[in-house]
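Here are my notes on the model you sent over. Have the structure open while you go through them.

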Amino acid sequence: MSPISSSADLIRAHLDRVNRLREQARSAGLARAVDEVKRLQAARFRATYADFLQHPIHAPATRFFLEELYGVHDFAQRDAQFARIAGALERLFPQAVAQLAVDLAETHALTEVLDHELATHWLAMEAVQPPALRYTRAWRQTGQREARARQLAVVQHMGQELQRLTRMRALRMALRMMRNPARAAGLDALQHFLESGFDAFASLGDARHFLESISKRESRWIQTLFDDQEADCCAALVAELARDPTPD
């Protein structure tokens, strides 16, 4: 199997998994619970990275991660575009973009799998329970510590690739030249994702501090949600959510 076919197959497999989960959520009445889980997580992310969101250099890359990877959005259009052109990705876009697309698809699939399972446990609990307690218990019932570590590792790799690719001026120019062909081919959502990522990381300069901070902060939260006493974990989560600079 060629590397291009391998990339295409991986992208399609990840996005296929996401589509199946979407269908299951709708048929099982889980869609609202998934949305509630995503909104709580988005609030926690905004709080955890409030300093970065206010930083002139770090803000664009932080918004890219929060909006394009973990936002409470319907990514169906972008997913459909990725799936449709997976086999021709390296023909339609610069070759170096292929692994970035695979990383995005894997991150997306991992996130949806974990959120779907979280939502299943969330829905099984009484809605009158405090959200932080409900989320903590749903997280622990979901388990999947290795999947959480993988999710963080793939995001780190995506950031490193964006850092590397933004240094290639010819690639950035080639991506800009793809705007009109991408729009004509119905790939505008995919083009927006790629350009947003490139613009965000181009403004960072050296991304090591940014990526290391994400790794440390998310690793700490993963440990807290898995290992701290339930009461301590809930208290930490309540305190963090209260720091959300832009509550819904």
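**Notes on the helices, cores and salt bridges**

1. Let's start with H2, which is mostly covered: 13 of its 18 residues are buried. Bear in mind throughout that this is a predicted model. The length of H2 works out fine, because 18 residues at 1.5 Å a residue should span 26 Å, and the end C-alpha atoms are indeed 26 Å apart.

2. Ala 42 is a handy residue to click on in H2. It counts as buried because its relative accessibility is 10%, and the cut-off for buried is under 20%. Leu 66 sits 24 residues away from Ala 42 in sequence, yet their C-alpha atoms are 7.2 Å apart in space.

3. Zooming out, the chain has 14 helices and 0 strands. Of its 248 residues, 52% are buried. If you take contacts between residues at least 6 apart in sequence, 80% of them join residues at least 24 apart. The chain exposes about 12100 Å², with carbon and sulfur atoms supplying 53% of that.

4. Which residues have the most contacts inside the largest nonpolar core? They are Phe 65, Phe 201 and Phe 210, in a core of 30 residues. Helices H4 (59-69), H7 (98-124), H9 (145-166), H10 (169-177), H12 (188-202) and H13 (208-227) each give two or more residues to this core. H12 brings the largest share, with 6 residues.

5. Phe 201 deserves a look of its own. Leaving aside neighbours within four places in sequence, its contacts include Phe 64, Phe 65, Leu 162, Phe 210 and Leu 211. Gly 159, Gln 163 and Thr 166 are also among the residues that Phe 201 touches. There is a second, separate core as well, with 20 residues, including Ala 132, Tyr 135, Trp 139 and Leu 237.

6. Three of the residues just named, Ala 132, Tyr 135 and Trp 139, are among the buried residues of H8. Leu 133, Arg 134, Thr 136, Ala 138 and Thr 142 are buried in H8 too. H8 covers residues 131-142, and its 16 Å from first to last C-alpha is close to the 16 Å expected for 12 residues. The cover over its buried residues includes H2 (31-48), H7, H9, H13 and H14 (230-241). Just after H8, Gly 143 takes a positive phi of about 70°.

7. H8 also takes part in a salt bridge: Arg 137 pairs with Glu 230, the closest N and O atoms being 3.0 Å apart. Glu 230 lies in H14 and Arg 137 in H8, so the pair ties together parts that are 93 residues apart in sequence. Glu 230 is partly exposed at 31% relative accessible area, and Arg 137 is partly exposed at 30%. Elsewhere, Lys 38, Glu 112 and Asp 115 are joined into one network by salt bridges that share partners.

8. The structure holds 14 salt bridges, and two others are worth a look. Asp 51 and Arg 217 meet at 2.9 Å, N to O; Asp 51 is in H3 (residues 50-53) and Arg 217 in H13, so this pair links parts 166 residues apart in sequence. Asp 51 counts as partly exposed at 37% relative accessibility, whereas Arg 217 counts as buried at 16%. Arg 20 and Asp 16 form a salt bridge at 3.5 Å between the closest N and O atoms. Being 4 residues apart in H1 (residues 3-27), they are separated by about one helical turn.

Definitions and conventions
Residues numbered from 1 in each chain as written. Predicted model: local features only at pLDDT ≥ 70, side-chain atom pairs only at ≥ 80, totals over all residues. Heavy atoms only, no water. Core = buried A, V, L, I, M, F, W, Y, C linked by side-chain atoms within 4.5 Å. Buried < 20%, exposed > 50% of the residue type's maximum accessible area, 1.4 Å probe, protein only. Contact = heavy atoms within 4.5 Å. Expected span 1.5 Å × (residues − 1). Areas by Shrake-Rupley, 256 points an atom, 1.4 Å probe, with all protein chains shown as cover. Salt bridge = Lys/Arg side-chain N within 4 Å of Asp/Glu carboxyl O.
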